[in-house]
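This report looks at enclosed spaces inside a protein. Please keep the sequence and the model at hand as you read.

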Amino acid sequence: MKFSKHLIIDLDCRELVDEQAHTRLPLSLAELEILKLLSDRIGDVVSKEELVQAGWPGRVVAPSSLTQCISHLRRKIENHDDIELKTIPRYGYSLCHIEHNIEDEYTSAATAPQQVASSSQAREQETASVKSAPALQKQAKKSKWQRNGALLFLAVTLLVCLHIFGVLKKSVNYFALVSQPSVESIQSDQESLANKRVEYNQVWLEGQPAVVRELAHFAGNWSNTQALISGDLFKKIYANGNERYESVALCNEFDSECSDAQPLNLVRDRNTFAPLDLKWLADTKLRMEKVSYNKILLDKFANPTEGLTEDIYHADVYYYGQSQNVVRADVRLSLVYEGADRGRLYAAACITDDLLKEVSIRYQFSGEFKMKQSKVDGQVIKSFLVNAEDRSFTSPQEISKESATIYREIRKNVLTEDNMVLRQIYSDQHSGVWMLPLWGETLVWAHRIEVKL
């Protein structure tokens, strides 16, 4: 679907193709549908209501979702001056072709011969100019090379100096962190789980396919739910999925905040069809959580003038696949704030399973973080941009099939990264919901303790 001289929408691959630069930019589902509608009605004004209905059909989203989507589209077409996405105040948006007036380019060319023919002196000057043109061009070319060489030397010298003082790496890492996908939407619905009141929240990242999963989809993968999901109190669930994994973070007792001693976190392989027996998991969970191998030791800090605040989060995450075996990730996070939006983060995870009954994998990392706060669909999202400096990883002597999945994820997506993004989707006084790089982007509801140092 072509809508500009060099831009094509690849509907099958859901990409914006730049034929001139030979690049392909991915489009989120909302971006694709909104761009299709604007392209179909190019030159017309399309209302905000129509665009929201096209991008998020049947869903209630915040006005900021459309604004953010339009901003992303503008960045993706900004290098093309023949097309423009215009804002029509208080109404909507319009995709317009821009026509360039080239009449001025020919005006000077038409008047030049008349000026040259006006006098013999002009002809003599022109002849002299033609004779000296090769020498002038050679001199200009030499000056250009000298100027470019000097600029290149200065640039290389500056990069070397930045590298020596460590500024270059920090700058590259920071921009790499800022470019990471952000939370695009959080859809919230009131549903029922075994005839109990539940607030169900589905989380999408920017560029992630918006595949709507009803709560019944996740509950259909569990049996004997009464073993872990009981009582008459209100329940709250966050869910996220990618091409391979689906994760659910569930608070069983929620009343303005989560009062669970340890909320339930489940991750499953999407190719798994055998339901998880929650009664069996309840017994296994109690046995496995009697032992915690995971401890975090903080660095020594110079005595601060106004003290430090440490947020400690602890959660147990259970992954299940085809076999009747679960993998437990004992996860701990420690955030030591040295300012309102900066500090140092320590993270550690111990991976065990019911068959090995001992630590098979342990990894940890720490580094300075910068925190960015935004609001998505009425919920506060905190993104922690972490430069991972100190890392350690214990390879397993023996590993089960289920543990191998997280082993590969850690080796591929965590240990090779100098920087990463950890997102906090929800927080209250005693808990927080995190999106962590365990099985893809795993949602984890963690117990929280605040310590004043």
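A cavity here is a set of grid points where a 1.4 Å probe fits but cannot get out. Its volume is the space filled by probe spheres set on those points.

## Cavities in the model

The model is predicted. The structure contains three cavities of 30 Å³ or more. About 80 Å³ is the volume of the largest. The second largest has a volume of about 50 Å³.

## The largest cavity

Three strands each give two or more residues to this lining: S15 (326-337), S16 (342-353) and S17 (361-376). S16 gives the most, with three residues.

The lining consists of Val331, Leu333, Ala347, Ala348, Ala349, Tyr363, Phe365, Leu422, Leu436, Pro437 and Leu438. What is the split of these residues into nonpolar, polar and charged? Eleven are nonpolar, with no polar and no charged residues.

## The second largest cavity

Around this cavity sit Phe218, Trp222, Glu246, Val248, Leu266, Val267, Arg268 and Tyr320. Strands S11 (245-251) and S12 (264-269) each supply at least two of the lining residues. S12 has the largest share, three residues.

The lining of the second largest cavity has six nonpolar residues, no polar ones and two charged ones. Glu246 and Arg268 are among the lining residues, and Glu and Arg count as charged.

## Side by side

The lining of the largest cavity has no charged residues. The lining of the second largest cavity has two. Neither lining holds a polar residue.

Notes
Residues are numbered from 1 along each chain as its sequence is written. This is a predicted model: local features need pLDDT of at least 70, side-chain atom pairs count only at pLDDT 80 or more; totals for chains, interfaces and linings use all residues. Side-chain values use heavy atoms; hydrogens and water are left out. On a 1 Å grid over the protein atoms alone, a cavity is a set of points where a 1.4 Å probe fits but cannot get out, and a pocket is an open set with protein on both sides within 12 Å along at least five of seven lines; lining residues have an atom within 4 Å of a point. Helices (H or I, at least four residues) and strands (E, at least two) are DSSP runs, numbered from the N terminus.
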